[in-house]
Amino acid sequence: MALQIIDRRLSGKNKSVGNRERFVRRYKQQIAEAVHRAISGRDIRHIEQAESITIPRKDIREPVFHHGPGGIRDTVHPGNSEHVRGDRIARPPGGAGGSGAQASDNGEAEDDFSFTLTKEEFMELFFEDLALPRLLRTHLGHTLQYKTRRAGYSHDGTPHNLALLRTMRGALGRRIALTKAPHRELQALQDALDALLAQDDGTSEAVAALRQCIDALTARIRKVAFLEPLDLRFRNRTKVPVPSSQAVMFCVMDVSGSMDQARKDLAKRFFILLYLFLTRHYEKIDIVFIRHHTQAAEVGEDEFFHSTESGGTVVSSALVLLEQIIRMRYPVADWNIYVAQASDGDNFASDGDNCRHLLAGSILPLVRYFAYVQVVPDEQNLWREYSQLAPLFSHFAMRKVSAPADIYPVFRDLFKKEGVSA
Amino acid sequence: MNPSQYPVLARRAGSHHGKQIARGERAQRGVPPDLLPAGRHPVRPLPDPSDWTFELIERYHAVIAATAARYGLDTYPNQLEVISAEQMMDAYASVGMPVGYRHWSYGKEFLATERRYRRGHMGLAYEIVINSNPCISYLMEENTTAMQALVIAHAAYGHNSFFKGNYLFGMWTDAGSIIDYLVFARDYVAQCEEKHGQDTVEQWLDSCHALATLGVDRYHRPSKKTLARERAEREQREAYAQQQVNELWRTLPARPDKDSAVPEHERFPKEPEENLLYFIEKNAPLLEPWQREIVRIVRKIAQYFYPQRQTQVMNEGWATFWHYTLLNTLYDEGWLTDGVMIEWLSSHTNVIHQPPAGHHAYSGINPYALGFSMYRDIRRICQSPTEEDRVWFPDMAGTPWLPALHHAMQNFKDESFIGQFLSPRLMRDMRLFAIHDDASKPELLVSAIHDEDGYRALRQTLSQQYDLGAREPNIQVWNVNLRGDRCLTLRHTPYQGRPLAEDALEVLKHTARLWGFGVRLETVKGDGDAPVLLHAVPAPAA
């Protein structure tokens with residue numbers, strides 16, 4: 001009997017991925033809402049995890065014609081233990097039990113439909129429609145990115161790049177060029193030989209000489225190789241530099257004494273979101289962390305998020321450092337520069353004016369976007385100063401956050417793609 | 001080679017026989033009266049480590065195949081595919097088909113299956129088998145050797161021979177071309193998505209799916225076409241169908257002497273049409289060619305599954321009967337160890353477990369249990385009939401059992417199979433009783449039980465329970481308003497006074513999307529009664 005056993009285990013297991021994608025796409029609205037709900041309640045460390053999503057079942061039902069309750073039903077059931085013909089039985093509540101067959105036919109459980117979004121899908125929805133504003137890709141940065149492009153043929157290369165057609169065409173041409181004349185000569189000799197043989201018995205010297213010539217010619221033709229190293233052609237590729245969109249994000253966080261644990265937590269949450277977003281969406285991006293109290297310092301990622309150093313508040317110290325770093329390491333012509341600043345706005349009294357001037361005079365002209373987040377609801381010194389700038393610079397944005405639940409909406413608002421409502 | 005000794009090969013050699021047989025009642029050509037004698041008995045049983053290997057599967061398959069041939073089982077060639085649990089879930093989600101077009105509802109199915117499986121609410125089926133030629137059976141990687149043997153006997157010989165033998169499958173499905181058609185459908189839908197956008201195609205498919213159960217020819221017989229013809233005809237059809245439709249809807253005034261206008265009282269269609277999708281495909285005026293083609297695809301696939309919906313008891317019972325019979329025979333002849341037997345028997349008893357009514361696990365009659373018992377009963381009636389059997393089954397009692405069994409498998413569907421072969425003995429064994437549930441009465445009535453007076457009534461009631469016509473509402477295209485707003489009227493004829501479920505309005509909206517104009521649904525209570533309008537949906541906004 002014909003039999004074929006095929007091992008399919010290694011051939012992709014995710015045949016349903018396309019269908020799953022379509023499902024997620026169709027219920028994006030509901031799923032996105034669930035994601036937003038989930039994120040506000042989440043611990044910051046666990047933000048990047050899969051999430052179980054629940055959708056009301058009625059939303060995803062596929063309607064078909066079927067019988068509703070009512071009418072007459074005759075059904076047969078097994079396991080009679082006590083009934084005889086003509087017995088009357090009280091109708092079981094909810095139509096279940098006695099008419100169990102029907103209950104299982106169309107009595108799909110009406111609970112909500114829930115499933116688990118993968119981490120990837122979750123983050124996809126989480127950061128959907130967000131982008132760094134005004135990102136330009138016009139220049140060739142020094143971390144060059146290359147694209148390979150076809151560039152004709154070359155004489156040497158690796159075997160897998162062998163251009164077979166081109167090679168064979170060349171070989172054919174060479175063979176024709178090298179054998180055309182001898183062939184013609186051969187034909188002439190052959191004709192002469194035939195003519196001689198017609199009147200000769202084939203033993204005369206002329207015939208022998210002709211034969212020798214013919215043999216020599218044939219040997220010469222045969223020596224022309226079918227394929228020679230000379231014929232080989234390889235597809236050639238060259239590297240072309242492509243413009244890259246280099247960007248740098250400055251994260252400026254206030255760690256002064258007035259920032260209590262709750263406020264710091266808010267600021268950190270904001271930066272973690274920012275960090276996840278940037279590292280996920282942009283392959284090439286520099287992130288510079290600046291932390292300040294009365295003095296500012298550039299710190300590493302780990303220290304930025306986990307250090308507990310504290311002190312008074314001089315915001316301008318951070319802005320000065322920021323400007324220095326930009327001038328030193330990130331020439332404006334080559335870099336898209338972004339700044340995100342988080343503070344409680346409780347600045348040293350005389351410093352506010354200073355900050356405004358620094359920002360307006362030297363920083364804002366250099367950067368593509370400057371986002372300021374204040375982690376307390378009331379309007380502090382710095383907020384008032386910054387408010388004067390907002391109408392003057394379109395790429396300057398400021399928002400207030402007072403509870404963890406606000407962070408995500410504010411974040412979305414600050415980094416929404418142009419033309420998309422948050 | 002002696003053909004009588006190898007009946008399976010003999011029958012397959014002349015493929016033109018198949019067609020001849022399909023036309024009339026299928027004859028039991030080449031089915032031996034009883035199990036043919038075995039060639040040789042093994043020295044020791046097949047090894048039974050719990051982990052299977054390809055070599056072991058082949059050895060088990062070889063003896064199962066040889067035994068199946070001795071029983072006269074006629075099958076398509078087998079293709080066994082080993083898959084992982086994830087792949088099994090994929091297969092579940094696409095209703096067991098190896099390829100299919102993309103649609104969110106399959107994604108939903110997949111997510112639901114995955115969730116239930118991960119939480120341990122449900123074990124996956126051990127096998128899925130596809131009615132194709134060659135017949136594809138999936139073996140799950142996680143199964144033990146004994147379970148693989150069970151699956152091979154159940155799917156590759158039980159279901160497979162049913163697909164090849166049963167008249168409904170022969171009539172409605174073309175096992176040889178189904179995979180090709182599904183590939184065509186997938187590519188076509190993907191092309192449409194590219195051309196017209198995912199959303200548009202998705203909505204269209206939603207609407208088609210809503211009517212899929214009504215996209216089946218119940219009475220006509222389909223013509224068989226090869227894929228190549230199907231594809232070539234599609235091009236012509238697209239161009240031609242549009243013309244035809246337009247002819248029907250022409251708006252030019254009729255010239256009195258030349259055009260014979262449709263008389264006003266005449267309905268269109270003249271006879272009610274049961275296949276809604278067919279009617280829409282052929283007559284909906286505003287459809288784009290690709291929309292028509294998708295309607296057709298959904299209709300064709302619904303048609304392909306139609307026999308499966310009508311032969312659940314027979315098909316599962318047949319497969320269960322054969323894995324039981326084949327594996328027992330192998331054991332008797334010394335091929336299987338006790339360990340293998342215990343293992344598959346434990347699964348087998350789970351599968352055919354029938355909790356009694358009122359039990360908390362009871363959810364209707366288990367088709368495996370009913371089908372299995374009925375085939376066993378047929379064998380018993382043939383081999384050792386009682387007086388009662390001789391009265392009830394005079395044609396069958398005492399005749400050779402294999403031809404009788406094949407006859408029962410080949411020429412019936414669930415409804416007629418039960419109507420024909422449910423014996424009083426089985427009714428007593430299963431302690432069947434019938435309940436008459438009239439929604440207008442406060443109490444249920446026990447209308448028949450397993451006694452002399454009740455046998456016929458029980459058998460008839462159970463048979464009707466499996467009649468698709470009774471299980472699904474009877475809705476047909478009744479009329480189209482040709483002279484006015486082109487409104488489509490569907491007519492529902494209730495069965496036993498059962499109303500439609502609330503979903504009807506939603507389905508009607510989908511119908512309106514397909515039709516392109518308003519749709520009305522009316523219901524007719526009695527024969528002479530005037531129809532009552534249930535729902536009306538206006539034409540969808542363009």
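1. Helices, of type H or I with at least four residues, and strands, of type E with at least two, are taken here as DSSP runs numbered from the N terminus. On that basis chain B has 22 helices and nine strands, while chain A has 12 helices and 13 strands. The model under review is a predicted one.

2. Burial and contact range may be set out chain by chain. Chain A has 422 residues, of which 27% are buried; chain B has 542 residues, of which 42% are buried. Among contacts with a separation of 6 or more, residues 24 or more positions apart account for 81% in chain A and for 72% in chain B.

3. The largest nonpolar core contains 156 residues. Those with the most contacts inside this core are B:I64, B:A149, B:I152, B:A153, B:L277, B:I294 and B:L327. Helix α6 of chain B, residues 145-165, supplies the largest share of the core, namely 12 residues. A second core, separate from that one, has 56 residues, including A:V252, A:A318, A:W335 and A:I337. In soluble globular proteins, nonpolar side chains tend to be buried together.

4. One residue of the largest core, B:L277, merits a closer reading. When neighbours within four places in sequence are set aside, B:L277 is in contact with B:C208, B:L211, B:L214, B:G215, B:V295, B:V298 and B:R299.

5. The contact between the chains draws 85 residues from chain B and 58 residues from chain A. On the side of chain B that touches chain A, helix α5 of chain B (residues 104-118) gives the largest share, with nine residues. By class, that side of chain B comprises 43 nonpolar, 23 polar and 19 charged residues.

6. Strand pairing also links the two chains. Strand β1 of chain A (residues 3-7) runs parallel to strand β1 of chain B (residues 78-83), and five bridges join them. Within this pairing, A:Q4 stands opposite B:Q79.

7. Chain A has a parallel pairing of its own: five bridges join strand β12 (residues 369-374) to strand β13 (residues 396-400). Here A:Q374 stands opposite A:K400. Between β12(A) and β13(A) the chain passes through helix α11 of chain A, residues 381-389, and the resulting β-α-β crossover is right-handed.

8. Helix α12 of chain A covers residues 404-415 and so has 12 residues. From first C-alpha to last this helix reaches 18 Å, close to the 16 Å expected at 1.5 Å a residue. Its buried residues are A:D406, A:I407, A:Y408, A:F411, A:L414 and A:F415.

9. Helix α13 of chain B, residues 312-332, has 21 residues, which should span 30 Å at 1.5 Å a residue; the end C-alpha atoms are 30 Å apart, in agreement with that expectation. The helix is mostly covered, since 17 of its 21 residues are buried. Just after α13(B), B:G334 takes a positive phi of about 90 degrees.

10. B:E233 belongs to helix α10 of chain B, residues 227-248. Is this residue, B:E233, buried or exposed? B:E233 is exposed, because 12 other C-beta atoms lie within 10 Å, and a residue counts as exposed at 12 or fewer. Relative to B:W52, B:E233 is 181 residues away in sequence and 47 Å away in space, C-alpha to C-alpha.

Note on methods
Residues are numbered from 1 along each chain as its sequence is written. Chains are lettered from A and ligands numbered from 1 in the order in which they are written. This is a predicted model: local features need pLDDT of at least 70, side-chain atom pairs count only at pLDDT 80 or more; totals for chains, interfaces and linings use all residues. A nonpolar core is a set of buried Ala, Val, Leu, Ile, Met, Phe, Trp, Tyr and Cys residues joined through C-beta atoms within 7 Å. A residue is buried if 20 or more other C-beta atoms lie within 10 Å of its own, exposed if 12 or fewer, and partly exposed in between; C-beta atoms are placed from the backbone. Two residues are in contact if their C-beta atoms, placed from the backbone, lie within 7 Å. Ala, Val, Leu, Ile, Met, Phe, Trp, Tyr, Cys and Pro count as nonpolar, Asp, Glu, Lys and Arg as charged, and the others, Gly among them, as polar. Two strands pair if DSSP finds at least two bridges between them. A crossover is right-handed if, with the strands pointing away from the viewer, the path from the first strand over the helix to the second runs clockwise. The expected span of a helix is 1.5 Å times one less than its number of residues.
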